[in-house]
Amino acid sequence: MKLALFDLDNTLLAGDSDVLWTEFLIEQGVLAESDRERSDQFYRDYEQGELDIQGFLDFQLRPLRMHDPERLEAWRSHYFREKILPVITDGARALVAAHRRQGHRTVIITATNRFTTTPIAAELAVDALLATEVERVDGRYTGRLLGVPCFREGKIQHLEHWLETQAARPDETWCYSDSANDIPLLEWSDHAVAVDPDPRLEEHARSRGWPVISLRD
């Protein structure tokens, strides 16, 4: 098995799906305008490598806890059409398709929760989605995390757990990401590629001799 791993936000997307989800819910009147600053601060912390992941998830998963699944799914469909489709780049589509043509297994691996990212993975026709998991009880989201967040070293834990369910271990792996938060996963892979990287990742990539590419041209 040959395996291609793709971060989602600011890698396959020319934007951040969590930030866009919050922006969408504010526009719908579901969240308050004051939530925008909290979202922006979490994003700044993420960029600096200082994100309180539990605090962020408490904030980000609150709407899932507060609203029924039917309403959430209707919002998600609108959000996907309005916010996500415009930021899936042609370069991202071409990259995923190129790996698929070579017979590689394609996997999106993201810190964003599964509810938000499921339609994105379907649109890009990847073989698997590894994401932060959210508890459901009697069909409703509780807003509580299941397992560890799919973030930093947690991405490797999610990946190893998924690989245990597969028929074979990969004999060659590629990994694409924009973020220094993904350095552990990039180091884990055979072929690490920095995609439109943040400054910290770009510096690390160049020191390691990794390719640096853009999917936004």
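Two strands are said to pair if DSSP finds at least two bridges between them. In this predicted model, strands β1 and β2 meet that condition, because they pair in the parallel sense over four bridges. Within this pairing, L5 stands opposite V107 in β2. Strand β1 also has a partner in β5, which covers residues 172–177; five bridges join the two, and they run parallel. Here L3 of β1 stands opposite T173. Strand β1 itself spans residues 2–6 and is mostly covered, with four of its five residues buried.

Empty space inside the protein is a natural next topic. Rolling a probe the size of a water molecule over the atoms shows where such space is left. Two cavities of 30 Å³ or more are counted in the model. The largest cavity holds about 250 Å³ of space. Its lining is made up of 20 residues, and those that lie nearest the centre are D9, D16, D18, Y46 and F56. Four elements give two or more residues to this lining: helix α2 (17–27), helix α3 (35–47), helix α4 (53–66) and strand β2 (105–113). Helix α3 provides the largest share, with four residues. Strand β2, already met as a partner of β1, is thus also among the elements that line the largest cavity. Sorted by class, the lining of the largest cavity has nine nonpolar residues, five polar ones and six charged ones.

The second largest cavity has a volume of about 30 Å³. Its lining consists of W21, T22, L31, F59, Q60, R62 and P63. Helices α2 and α4 each supply at least two of these residues, and the largest share, four residues, comes from α4. By class, four of the lining residues are nonpolar, two are polar and one is charged. Helices α2 and α4 also appear in the list of elements that line the largest cavity.

Charged side chains offer another view of how the chain is held in place in the model. Side chains of opposite charge can pair when their charged atoms come close. The structure holds 18 salt bridges. One of them joins E23 and K83, whose closest N and O atoms are 2.6 Å apart. E23 lies in helix α2 and K83 in helix α5 (residues 69–84), so this salt bridge ties together parts that are 60 residues apart in sequence. The two partners differ in how much of their surface is reached by the probe. E23 has a relative accessible area of 24% and is therefore partly exposed, while K83, at 11%, falls under the 20% limit and so counts as buried.

K83 has a further salt-bridge partner in E82, with the closest N and O atoms 3.9 Å apart. E82 is partly exposed, at 36% relative accessibility. Salt bridges that share partners join E23, E27, E82 and K83 into one network.

Another salt bridge brings together the side chains of D127 and R105, at 3.9 Å from N to O. This pair also links distant parts of the chain: D127 sits in the loop between α7 (114–124) and β3 (128–137), R105 belongs to strand β2, and the two are 22 residues apart. Both are partly exposed, D127 with a relative accessible area of 42% and R105 with one of 27%.

Cysteines complete the picture. A disulfide is a covalent bond between the sulfur atoms of two cysteines. How many disulfides does the model contain? The count comes to zero. Why is C150 not bonded to C175? The closest cysteine sulfur to that of C150 is in C175, but it lies 11 Å away, which is too far for a bond. A disulfide would require the two sulfur atoms to be within 2.5 Å. The view from C175 is much alike, since its closest cysteine sulfur is that of C150, at 11 Å. Both cysteines are buried, with relative accessible areas of 0% for C150 and 1% for C175.

Key
Residues numbered from 1 in each chain as written. Predicted model: local features only at pLDDT ≥ 70, side-chain atom pairs only at ≥ 80, totals over all residues. Heavy atoms only, no water. 1 Å grid on protein atoms, 1.4 Å probe; cavity = no way out; pocket = protein on both sides within 12 Å on 5 of 7 lines; lining within 4 Å. Points joined across faces, edges and corners; volume = space filled by probe spheres on them. Nonpolar A, V, L, I, M, F, W, Y, C, P; charged D, E, K, R; others polar. Buried < 20%, exposed > 50% of the residue type's maximum accessible area, 1.4 Å probe, protein only. Salt bridge = Lys/Arg side-chain N within 4 Å of Asp/Glu carboxyl O.
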